[in-house]
Amino acid sequence: MQSVWRPDAIDTKVPSVARMYDYLLGGDDNYQADRDACEELLKQVPSSKTLAVNNRNFLRRVVRLLASEYGIRQFIDHGSGLPTQDNVHQVAQAVDPESRVVYVDNDPIVLAHGRALLDENDRTTVIQADMRDTDGIFDHEETRRLIDFSKPVAALFVSVMHCIPDEDDPAALVRRVAARLVPGSFLVVCQLVSDRPEIRTFVTDFMAQVTHDHWGRVREEHEVAAYLDGMEILEPGLVEVSTWRPDNDLAPVQQTDEWIEWGGVARLP
């Protein structure tokens with residue numbers, strides 16, 4: 001790998017989205033600043049912890065489906081976050097041990113923990129990169145080592161598009177990635193949305209402030225739908241993710257609607 005992790009590269013006083021997500025999932029790879037930010041967020045949007053869990057369950061279901069029913073054996077997970085239970089490579093390799101996964105994140109602590117987790121798994125790697133740098137990611141030596149772009153790939157953007165500001169055009173990012181993939185590939189996209197302007201404004205401003213502008217915007221459903229224009233959307237379409245092909249009728253669903261994780265899965269024609 002080209003990136004070199006240094007302990008001084010982590011600013012423990014500035015919350016990171018990856019570490020806040022880890023805290024909401026009940027993980028231990030976070031700092032006091034991350035925990036404080038999450039607790040403040042929960043005062044205004046108390047469903048955030050449940051939303052994080054449901055989002056992780058959605059990721060698990062999607063990867064299992066693509067591997068088992070569509071034969072996908074290659075995954076690029078943009079903005080992967082910190083390792084937790086049932087990571088993409090674990091779900092995909094449970095279907096086929098030859099499945100290959102590239103994790104991408106710009107947080108140096110993700111690189112450190114990911115390397116430790118994947119030290120003995122030569123079909124999986126983690127690279128430190130900005131998920132907006134499509135050429136850098138696709139041309140990275142580790143990506144080229146693992147991914148055969150002449151075959152279908154699943155590109156994952158799960159609960160990360162709200163981290164991209166409007167000026168960086170998240171829809172254009174999805175189009176750039178789609179242009180690098182062969183027909184029969186998949187894009188998995190979801191992000192935080194709300195139909196309540198006060199929630200969109202509060203969360204957007206709060207997260208921009210605490211992360212020192214490493215944030216984009218809570219959006220509306222129609223904006224997320226535009227990311228996947230012209231692509232075949234798998235059933236049940238673009239939905240609140242806890243309702244996307246739940247494992248059974250007892251699976252947990254989102255109980256409140258101040259904001260939701262909204263999206264789905266598209267296949268490239």
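This is a short tour of one protein, going from the whole chain to a strand and then to two pairs of helices.

Before selecting anything, keep in mind that the model is predicted. With the whole protein shown, you are looking at ten helices and eight strands, and of the 269 residues in the protein, 55% are buried. Among the contacts with a separation of 6 or more, 72% are between residues 24 or more positions apart.

Now select residues 74-78, which form strand S1. Are the residues of this strand buried or exposed? Five of the five residues in S1 are buried, and the strand is mostly covered. In a regular strand, the side chains alternate between the two faces of the sheet. In S1, you can follow Gln74, Ile76 and His78 on one side and Phe75 and Asp77 on the other, and both faces are covered.

Keep S1 on the screen and add residues 100-105, which are strand S2 and run parallel to S1, with five bridges joining the two strands. To find one of the paired positions, label Asp77, whose bridge partner in S2 is Tyr103. Next add residues 154-158, which are strand S4; this strand is also parallel to S1, and three bridges join the two. Here the position to label is Ile76, which stands opposite Ala155 in S4.

Move on to residues 48-69, the 22 residues of helix H3, where the distance from the first C-alpha to the last is 31 Å, close to the 32 Å expected at 1.5 Å a residue. After H3 comes Gly71, which has a positive phi, near 70°.

With H3 still selected, add helix H4, residues 88-95. How are two packed helices described? They are described by the angle between their axes and the distance between the axes. For H3 and H4, the angle is about 30° and the axes are 9 Å apart, which means that H3 is roughly parallel to H4. The crossing of H3 past H4 is right-handed. To see where they touch, show the side chains of Leu59, Arg60, Val63, Arg64, Ala67 and Ser68 in H3, together with Val88, Val91, Ala92 and Val95 in H4.

For the last stop, select helix H2 (residues 32-44) and helix H9 (residues 197-210), whose axes come within 11 Å and cross at roughly 170°. At that angle, H2 is therefore roughly antiparallel to H9. On the H2 side, the contact is made by Ala37, Glu40, Leu41 and Gln44, while H9 brings Ile199, Phe202, Val203, Phe206 and Val210 to it.

Methods:
Residues numbered from 1 in each chain as written. Predicted model: local features only at pLDDT ≥ 70, side-chain atom pairs only at ≥ 80, totals over all residues. Heavy atoms only, no water. Buried < 20%, exposed > 50% of the residue type's maximum accessible area, 1.4 Å probe, protein only. Helix = DSSP H or I, 4+ residues; strand = E, 2+ residues; numbered from the N terminus. Pairing = 2+ DSSP bridges. Expected span 1.5 Å × (residues − 1). Axes fitted to C-alpha atoms, helices over the stretch in contact; angles between N-to-C directions. Parallel < 35°, antiparallel > 145°, perpendicular 65-115°, else oblique. Left-handed = near helix turned anticlockwise from the far one by under 90°. Contact = heavy atoms within 4.5 Å.
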